[in-house]
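Reader: I am new to this one. Please show it to me, and let me ask how each label is earned.

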Amino acid sequence: MAVRFGSFELATDARLLTRSGESLHLTPKAYDLLALLVDAAPRVVPKAELHARLWPDTFVADTTLVGLVKEVRRVLGDTGAAAPVIRTVARVGYAFSAPLEREAPALARGHWLVADGRSFPLGDGVNAIGREPSAAVWLDSGSVSRRHATITVAGAGARLEDVGSKNGSQVNGVPVRAPVTLRDGDHLIIGTVPLTYRTSASGLSTETRVRAAAGS
């Protein structure tokens, strides 16, 4: 994702800072500090939080943090005392103060299951379905095995696989014996719990994302 301020652009995915298209050099920790402050803007980030996030397993003197702030200010040409880019809050911390223009993230295809009006979002990769509380789709029903099935999401596609459950899985009334490619609107039965698979380029159609019991 790209964030712009003035003639600068911070591309967080590429770890790249540019000014008018020209790449600028920051040491890794200085870059991390800038990205952290930009992400938190306009909040004042306490020094203790900065230390914990930049050096999670190491103690460093406060002068090291001050040195990073100076490096970032130097690269940004931040010399305006009246309207600084990096604002110092005495004895508290630092804040990024310049106006920001955040690039909207690319719209990703959404995948989710619906059970009794409740929505369970599915992330990229393997999503476990079962009675295990850590499952991405947690179904608190005695008919559902602790790890009952999985849905693997890869881009626009999703596949359901039963992983040796006691009571089996179905897609549109057909027992699942091998991985099944899902299509929008497919009706699933996990144990005895009915669900509907949905996918859309505009993401979830509801903000309901609870991990409530199903089939109980």
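Author: What follows is a short round of questions on the labels used for this predicted model.

Reader: Why is Asn127 called buried?

Author: Its relative accessible area is 6%. Buried means under 20%, so Asn127 is buried.

Reader: Where is Asn127 found?

Author: In strand 11. That strand covers residues 125-130 and runs antiparallel to strand 13, residues 149-154.

Reader: How do you know that strand 11 and strand 13 pair?

Author: Pairing needs at least two bridges. Here 5 bridges join strand 11 to strand 13, so they pair. In one of them, Ala128 has Thr150 of strand 13 as its partner.

Reader: Which strands make up the sheet, and in what order?

Author: The order is 12-11-13-14-17, in an open sheet of 5 strands with mixed pairing. Strand 12 (137-138) and strand 17 (180-181) are the edge strands, for each pairs on one side only.

Reader: What makes the link from Asn127 to Gly123 a polar contact?

Author: The side chain of Asn127 reaches the backbone oxygen of Gly123 at 2.8 Å. The limit is 3.5 Å, so the pair qualifies as a polar contact.

Reader: Why is helix 2 called roughly perpendicular to helix 3?

Author: Helix 2 (residues 47-54) and helix 3 (residues 62-76) pack at about 90 degrees, with axes 11 Å apart. Roughly perpendicular covers 65 to 115 degrees, so the label fits helix 2 and helix 3.

Reader: Which residues make that contact?

Author: Helix 2 gives Lys47, Leu50, His51 and Leu54; helix 3 gives Asp62, Leu65 and Leu68. They divide into 4 nonpolar, 1 polar and 2 charged.

Conventions: Residues are numbered from 1 along each chain as its sequence is written. This is a predicted model: local features need pLDDT of at least 70, side-chain atom pairs count only at pLDDT 80 or more; totals for chains, interfaces and linings use all residues. Side-chain values use heavy atoms; hydrogens and water are left out. Helices (H or I, at least four residues) and strands (E, at least two) are DSSP runs, numbered from the N terminus. Buried means under 20% relative accessible area, exposed over 50%, partly exposed in between (1.4 Å probe, protein chains only). A polar contact is a pair of N or O atoms within 3.5 Å; within protein, one must be able to donate a hydrogen and the other to accept it, and residues adjacent in sequence count only if both atoms are side-chain atoms. Axes are lines fitted to C-alpha atoms, for helices over the stretch in contact, and angles run from 0 to 180 degrees between N-to-C directions. Angles under 35 degrees count as roughly parallel, over 145 as roughly antiparallel, 65 to 115 as roughly perpendicular and the rest as oblique. Contact means heavy atoms within 4.5 Å. Ala, Val, Leu, Ile, Met, Phe, Trp, Tyr, Cys and Pro count as nonpolar, Asp, Glu, Lys and Arg as charged, and the others, Gly among them, as polar.
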